[in-house]
Amino acid sequence: MSFLEDDSSDGGTGPRSQLESYVFSCELSSEIPFYTFQGDEEENLEHFLELRTICLGEGAKEENNVVEVTAMNHQGKKIAVPVANLHLSCLPMVSLGEFELMAPVTLRLKSGSGPVTVSGLHLVASENNEESEASDEDEDSEEEMPSIKPAKKKQKL
């Protein structure tokens with residue numbers, strides 16, 4: 001379970017997050033040794049990169065290929081961490097599960113010539129304010145309705 005799922009299960013006591021996911025892939029090689037993942041600069045959106053697999057591509061040599069990820073840690077400082085050390089004869093692919101990182105994220109082929117394919121999901125989280133706006137409209141419409149008065153009884157003569 002990802003931390004994004006935990007944020008959206010607040011029991012309905014606030015704006016809910018809407019999560020959209022898109023396929024992500026990039027190839028690292030000696031010609032293109034790094035890729036920087038960045039989200040759009042919209043206020044209401046948060047972008048995450050969920051890494052799933054890293055694998056050697058066709059034409060990889062018998063050498064170690066180390067892939068390093070640079071992202072922000074919990075203190076807001078950039079940190080670089082090797083996440084895969086691939087070799088054609090013993091470990092051509094590694095599965096990272098659901099390794100989520102908040103944008104910006106830089107993937108770098110630290111050693112080796114590749115090609116190495118990194119794949120996963122690009123997650124976009126946005127606050128869904130439609131529910132809160134709809135409840136505000138309901139409250140407004142209730143206030144605008146005239147109060148209901150009981151019907152008057154006719155008197156018998």
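Buried means under 20% relative accessible area, exposed means over 50%, and partly exposed lies in between, with a 1.4 Å probe and protein chains only. The structure is a predicted model in which local features need pLDDT of at least 70 and side-chain atom pairs count only at pLDDT 80 or more, while totals for chains, interfaces and linings use all residues. Residues are numbered from 1 along each chain as its sequence is written, and side-chain values use heavy atoms, with hydrogens and water left out.

**Exercise 1. Classify Gly 120 as buried or exposed, and describe its surroundings.**

Step 1. Locate the residue: Gly 120 belongs to strand 8. Strands (E, at least two residues) and helices (H or I, at least four) are DSSP runs numbered from the N terminus.

Step 2. Apply the accessibility rule. The relative accessible area of Gly 120 is 10%, so the residue is buried.

Step 3. List the contacts, meaning heavy atoms within 4.5 Å. With neighbours within four places in sequence set aside, Gly 120 is in contact with Tyr 22, Val 23, Phe 24, Glu 50, Leu 51 and Arg 52.

Step 4. Check a separation in space. Gly 120 and Phe 99 are 21 residues apart along the chain, and their C-alpha atoms are separated by 8.9 Å.

**Exercise 2. Determine how many aromatic pairs there are, and describe their geometry.**

Step 1. State the criterion. Rings of Phe, Tyr and Trp (its six-membered ring) pair if their centres lie within 6.5 Å; planes under 30 degrees apart count as stacked, over 60 as edge-to-face and the rest as tilted.

Step 2. Count: the rule gives 2 aromatic pairs.

Step 3. Take the pair of Phe 24 and Tyr 35. Its centres are 5.7 Å apart with 50° between the planes, and the pair is tilted. It links distant parts of the chain, with Phe 24 in strand 1 (residues 16-28) and Tyr 35 in strand 2 (residues 34-37), 11 residues apart. Phe 24 has a relative accessible area of 5% and is therefore buried, whereas Tyr 35, at 34%, is partly exposed.

Step 4. Take the pair of Phe 24 and Phe 37. The ring centres are 5.9 Å apart and the planes stand at 80°, so this pair is edge-to-face. Because Phe 24 lies in strand 1 and Phe 37 in strand 2, the pair ties together parts 13 residues apart in sequence. Phe 24 and Phe 37 are both buried.

Step 5. Combine the pairs: Phe 24, Tyr 35 and Phe 37 are linked into a cluster by ring pairs.

**Exercise 3. Identify which residues have the most contacts inside the largest nonpolar core, and which strands supply it.**

Step 1. Define the object. A nonpolar core is a set of buried Ala, Val, Leu, Ile, Met, Phe, Trp, Tyr and Cys residues joined through side-chain atoms within 4.5 Å.

Step 2. Read off the core. The largest one has 22 residues, and Ile 54, Val 67, Val 105, Leu 107 and Val 118 are those with the most contacts inside it.

Step 3. Assign the strands. At least two residues each come from strand 1, strand 3 (45-56), strand 4 (65-72), strand 5, strand 6, strand 7 (105-111) and strand 8 (116-128). Strand 3 gives the most, with 4 residues.

Step 4. Examine Val 67. Apart from neighbours within four places in sequence, its contacts are Leu 28, Ile 54, Val 81, Pro 82, Val 83, Ala 84, Arg 108, Leu 109 and Val 116.

Step 5. Turn to Ala 84, which lies in strand 5. Ala 84 is buried, because its relative accessible area is 8%. With the same sequence neighbours set aside, Ala 84 is in contact with Ile 54, Asn 65, Val 66, Val 67 and Val 94.

**Exercise 4. Describe the position and contacts of His 87.**

Step 1. Place the residue: His 87 is in the loop between strand 5 (78-86) and strand 6 (93-102).

Step 2. Judge its accessibility. At a relative accessible area of 16%, His 87 is buried.

Step 3. Find its side-chain partner. A polar contact is a pair of N or O atoms within 3.5 Å; within protein, one must be able to donate a hydrogen and the other to accept it, and residues adjacent in sequence count only if both atoms are side-chain atoms. The side chains of His 87 and Ser 89 make such a contact at 3.0 Å.

Step 4. Add the contacts beyond four places in sequence: His 87 touches Leu 56, Glu 62, Glu 63, Asn 64 and Pro 92.
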